[in-house]
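Visitor: Could you walk me through reading helices in a model like this one?
Guide: Sure, let's pull it up.

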Amino acid sequence: MPTSLKEIAKQAEQDPKRRFTNLHQHLNRELLIDSFRRLNKRAARGVDGVSAARYGEGLEANIADLLRRVRQGTYRARLVRRRYIQKSNGKLRPLGIPTIEDKLLQLAVGRILSAVYEQDFLPTSYGYRPKRGAKEAICRLTDEVGKKYSYVVEADIKGFFDHLDHEWLLRMLNLRIGDGAVKRLIRKWLKVGILMEC
């Protein structure tokens, strides 16, 4: 974790009610390059057709341009390409594929937000957290309850993200995040359109 994110995490842990007002300054070259290294380079391409390899060829210039647009307020989120993948039960699951640049910026902002919010979770929370997931939960349950249980049910709420109230989400975010620039980026991603594949 970059030093700046460690400092955010430390402040969030020391003051659970702190409202962060200057997070956008942490969207810098160092964080974006480190975030680019973490991206899945084989992931599908977004609507612009740019691969991670191609974006990486001019990484320094691309990141400098992205940072300039973010700082000037001229960055625009691109349409998300909608693709459907076959599930084991024969049904189709919708998948949203952002452009590589949008993925990069979303990952960087997500890492900043994780530095703030990770401190608020209990050690027993496993969903969508760094280095925690269903496998770790099962191991913990096995240690805690022994062989009394032989299975764990993992639930997936059908259409959860399709029906998530964006305004409620932004109001909740506002409790800890007072940085207008970061909130504007998140609002852009929540409101971006979808390009359906034929």
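What follows is a chat about two helices, their lengths and their faces.

Guide: Ground rules: this is a predicted model, where local features need pLDDT of at least 70, side-chain atom pairs count only at pLDDT 80 or more, and totals for chains, interfaces and linings use all residues. Residues are numbered from 1 along each chain as its sequence is written, and side-chain values use heavy atoms, with hydrogens and water left out.

Visitor: What span should helix 4 have?
Guide: Helices are DSSP runs (H or I, at least four residues), numbered from the N terminus. The expected span is 1.5 Å times one less than the number of residues. Helix 4 has 14 residues (59-72), so 20 Å is expected, and its end C-alpha atoms are 20 Å apart, which agrees.

Visitor: Which residues of helix 4 are buried?
Guide: Buried means under 20% relative accessible area, exposed over 50%, partly exposed in between (1.4 Å probe, protein chains only). In helix 4, Leu-59, Ile-63, Leu-66, Leu-67 and Arg-69 are buried. Seen down the axis, they fall within an arc of 165°, so they line one face of helix 4; the arc is that of the directions from the helix axis to the C-beta atoms. On the other side, Ala-61, Arg-71 and Gln-72 are exposed.

Visitor: And what covers the buried residues of helix 4?
Guide: Going by contact (heavy atoms within 4.5 Å), the cover includes helix 2 (29-38), helix 3 (52-57) and helix 5 (100-117).

Visitor: Which residues of helix 1 are buried?
Guide: Leu-5, Ile-8, Ala-9 and Ala-12. Their arc is only 100°, which puts them on the same side of helix 1. They pack against helix 2 and helix 5.

Notes:
Helices (H or I, at least four residues) and strands (E, at least two) are DSSP runs, numbered from the N terminus.
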